[in-house]
Amino acid sequence: MTESDTGPKTANSDKNPARPDEPPAAGFWAFSLSLYDRPGAAQACLGLQDGFRADVNLLLLGFWRARRGYLGWAETELDRVEAAVAPVNAVLQPLRAARRALRALREAEPTADALYAEIKALELKLEQVAQVWLSAASRIGPGQRGPAPPQRDDEIDAAAAHLGAYLERLAPGDKQALQLGADLLRIAFT
């Protein structure tokens, strides 16, 4: 997900929450846009991205999977998902860095606005590609799935399990990472 000059910025969406009967990639994107647009969500996600090298799409994937009834990451699944999306992220990360550098150049060079907008649009397209790849790579067997749709408390527990496993991988025991994760969890369920 990307940020704009005035705050979080995402592609346009229909704000419909993901449902278990939706095509997985489309549901994941709509769900991500809805969650990311909540007050404070972008800041928590970007804090984890910039401070701890978190993949925002992978953070959001855990919440989406919880919504769909997945209880947590199966053994080695997080490794598989990260490896599957690595080729997309290898392109996405330098593009993000270029967009951020252009943001600063826009003040000194008026023509940089058009380049900034083009790179931002490409970055969002790559975010969607990453989500398709993540969605496909994260499908697991029915044994790892609870009732769909899950009850609210079950969804919160599953989201916390997904998030906790990912944060433990990125920043074991780091209080700032845990606080950002707790903020994101609270935002997602209020």
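How much accessible surface does the protein chain have, and what share of it belongs to carbon and sulfur atoms? I looked this up before anything else, and for the protein chain I find about 9,300 Å² of accessible surface, with 57% of it belonging to carbon and sulfur atoms. I note here that the model is a predicted one.

**Entry: overall layout**

I went through the secondary structure next, and the protein chain comes to seven helices and two strands. Reading from the N terminus on, I get the order β-β-α-α-α-α-α-α-α. The protein chain has 190 residues, and I find that buried residues make up 45% of them. I also looked at how far apart in sequence the contacting residues lie: among contacts in the protein chain with a separation of 6 or more, 79% are between residues 24 or more positions apart.

**Entry: the nonpolar core**

I then turned to the largest nonpolar core, which holds 51 residues, and within it Leu-48, Leu-58, Leu-61 and Phe-63 touch the most other members. I checked which helices supply this core, and at least two residues come from each of H1 (24–36), H2 (41–52), H3 (56–67), H4, H5 (112–137), H6 and H7 (175–188). As background I keep in mind that nonpolar side chains in soluble globular proteins tend to be buried together.

I picked Leu-58 for a closer look and, leaving aside its neighbours within four places in sequence, I find Leu-58 in contact with Trp-73, Leu-78, Val-81, Glu-82, Leu-134 and Tyr-166.

**Entry: H4 against H6**

At what angle do the axes of H4 and H6 cross? For helix H4 (residues 77–105) and helix H6 (residues 152–170) I read a crossing of roughly 70°, with the axes coming within 11 Å. I therefore record H4 as roughly perpendicular to H6. On the H4 side of the contact I list Leu-78, Asp-79 and Glu-82, which meet Ala-165, Tyr-166 and Arg-169 in H6. Sorted by type, the residues of this contact of H4 with H6 divide into three nonpolar, no polar and three charged. I note that Leu-78, Glu-82 and Tyr-166, which take part in this helix contact, also appear in my list for Leu-58.

**Entry: positive phi in two loops**

I looked up Arg-53, which is not a glycine and yet has a positive phi of about 60°. Arg-53 is found in the loop between H2 and H3, and with a relative accessible area of 71% I count Arg-53 as exposed.

Thr-76 is likewise not a glycine, and I read a positive phi of about 65° for Thr-76. Thr-76 is found in the loop between H3 and H4; its relative accessible area is 53%, so I enter Thr-76 as exposed.

**Entry: two pairs apart in sequence**

Is Ala-42 buried or exposed? Ala-42 has its place in helix H2, and because its relative accessibility is 2%, I count Ala-42 as buried. I paired Ala-42 with Met-1, which lies 41 residues away along the chain, and I find their C-alpha atoms separated by 8.1 Å.

The other pair I looked up involves Leu-115, whose place is in helix H5. With a relative accessibility of 44%, Leu-115 counts as partly exposed. From Leu-115 to Arg-99 I find 8.4 Å in space, C-alpha to C-alpha, for two residues that are 16 residues apart in sequence.

Methods: Residues are numbered from 1 along each chain as its sequence is written. This is a predicted model: local features need pLDDT of at least 70, side-chain atom pairs count only at pLDDT 80 or more; totals for chains, interfaces and linings use all residues. Side-chain values use heavy atoms; hydrogens and water are left out. Axes are lines fitted to C-alpha atoms, for helices over the stretch in contact, and angles run from 0 to 180 degrees between N-to-C directions. Helices (H or I, at least four residues) and strands (E, at least two) are DSSP runs, numbered from the N terminus. Angles under 35 degrees count as roughly parallel, over 145 as roughly antiparallel, 65 to 115 as roughly perpendicular and the rest as oblique. Contact means heavy atoms within 4.5 Å. Ala, Val, Leu, Ile, Met, Phe, Trp, Tyr, Cys and Pro count as nonpolar, Asp, Glu, Lys and Arg as charged, and the others, Gly among them, as polar. Buried means under 20% relative accessible area, exposed over 50%, partly exposed in between (1.4 Å probe, protein chains only). Accessible areas come from the Shrake-Rupley method with a 1.4 Å probe; for residues, only the protein chains shown count as cover. A nonpolar core is a set of buried Ala, Val, Leu, Ile, Met, Phe, Trp, Tyr and Cys residues joined through side-chain atoms within 4.5 Å.
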